[in-house]
Amino acid sequence: MADEARGVGPLRKRMGGAMPEDINSENKEEIKTLLLEASRLGFEVGYLGQVEEFGWVKNRFKIIELHADNLGILEELRKKYDLSKDLGKKRRAQTAHSDEENKPEKTPTLELEQMPNTLHIKSSGEKGSGFDGAMRISPEEGISAVANVLKVSENSHWVTRQLDLAFSGIADLHDMLGRISQEGTPEAILTEGLEKLKLTGWISDYAIEEVNAGLKTAKVSAVSAIPNQYGVSTIPVCISISLALESIGARAFKTPVQAMEKRCMCQGDEKCGFVISPR
Ligand SMILES: [Zn+2]
């Protein structure tokens, strides 16, 4: 029963409740999640400045506060939020003058989380040489990373489920992309791939801004479905779209390519902007 309840999400389950809850292991998990969420939101607000005025930030914090109140941790949560907000402001001041290339390598939230000490991050050598050099990383790196995120999620039924869904969603997407044509102009193949992305709902609109068949480069803008759910971020978040564009671009240009998201709707842009170039 407890597992079942966790599976459907304790946050949602108690949306309407106003009675204080007993502290049990499920609540502990929820408290952890709430405090982390408050830290993250606080950091975003501090780092980005004015976003506290955004309706969605207010609404999100209101919901978090309501849950915290039910769990009797409102005070603690507000402290966490304020501390993280200050941390965000400080980070902002440190990086205010840095340009695109000099952005901090770590995402802000990484600093707020404790890496479990059971993790053993292997850094193995060469990229995979199989598939005509088309692999992005070495198989060992991929395997090790999958093991690590599974390890991180082992105490949370919810996170495990999200990972499961994320892996499955991305696998489905790439199955679909595997069926696009190998023949045709780069632009035609890019269009076919982007149509597939649209069909699956990962994007709702797109434009091919530029294609250079000789240099094997392209610029694509798209309305990604991810930012709508994610909210504000200081860095682009549409990694799954970038990876899809690499698969599509490799077919279009007949060579391994990389796709970088240069600007993201999470950063306040109207569309996410991607650049495809040979790897
Ligand atoms: Zn994006």
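Visitor: Which side chains of β2 point to one face and are buried, and which point to the other?
Guide: Along β2 they alternate: Ala-218, Val-220, Ala-222 and Ser-224 point to one face and are buried, while Thr-217, Lys-219, Ser-221 and Val-223 point to the other and are not. A residue is buried if 20 or more other C-beta atoms lie within 10 Å of its own, exposed if 12 or fewer, and partly exposed in between, with C-beta atoms placed from the backbone. Strands (E, at least two residues) and helices (H or I, at least four) are DSSP runs, numbered from the N terminus.

Visitor: Before we go on, what sort of model is this?
Guide: This is a predicted model, where local features need pLDDT of at least 70, side-chain atom pairs count only at pLDDT 80 or more, and totals for chains, interfaces and linings use all residues. Residues are numbered from 1 along each chain as its sequence is written.

Visitor: Okay, how many bridges join β1 to β2?
Guide: There are 8, and the two strands run antiparallel. Two strands pair if DSSP finds at least two bridges between them. One bridge partner to look at is Ala-218 in β2, which goes with Val-211.

Visitor: And what does β2 do with β4?
Guide: β2 and β4 also pair in the antiparallel sense, over 5 bridges. Ser-221 has Gly-273 in β4 as its bridge partner.

Visitor: Back to the hairpin: how many residues sit between β1 and β2?
Guide: The hairpin has 4 residues between its strands, and Lys-216 in the turn has a positive phi of about 60°.

Visitor: Is Lys-216 buried or exposed?
Guide: Lys-216 counts as buried because it has 20 C-beta neighbours inside 10 Å. Lys-254 is another non-glycine residue with a positive phi, near 55°, in the loop between α12 (239–253) and β3 (257–263). That lysine counts as exposed because it has 12 C-beta neighbours inside 10 Å.

Visitor: New topic: which residues touch the most other members of the largest nonpolar core?
Guide: Val-220, Ile-241, Ala-244 and Leu-245, out of 30 residues in that core. A nonpolar core here is a set of buried Ala, Val, Leu, Ile, Met, Phe, Trp, Tyr and Cys residues joined through C-beta atoms within 7 Å.

Visitor: Which elements give two or more residues to it?
Guide: α9, α10, β1, β2, α12, β3 and β4 do. α12 gives the most, with 7 residues.

Visitor: What is Ala-244 in contact with?
Guide: Leaving aside neighbours within four places in sequence, Ala-244 is in contact with Leu-173, Leu-177, Leu-197 and Trp-202. Contact means that the C-beta atoms, placed from the backbone, lie within 7 Å. Apart from this core lies another, of 12 residues, including Ala-38, Leu-41, Leu-77 and Tyr-81.

Visitor: Now α10. Which of its residues are buried?
Guide: Pro-186, Ile-189, Leu-190, Gly-193, Leu-194 and Leu-197. Seen down the axis of α10, they fall within an arc of 130° (taken from the directions from the helix axis to the C-beta atoms), so they line one face of the helix.

Visitor: What covers them?
Guide: The cover includes α9 (157–177), β1, β2 and α12. Just after α10, Gly-201 takes a positive phi of about 95°.

Visitor: Last one: how many helices and strands does the protein chain have?
Guide: The chain has 12 helices and 4 strands. Of its 279 residues, 25% count as buried.

Methods:
Contact = placed C-beta atoms within 7 Å.
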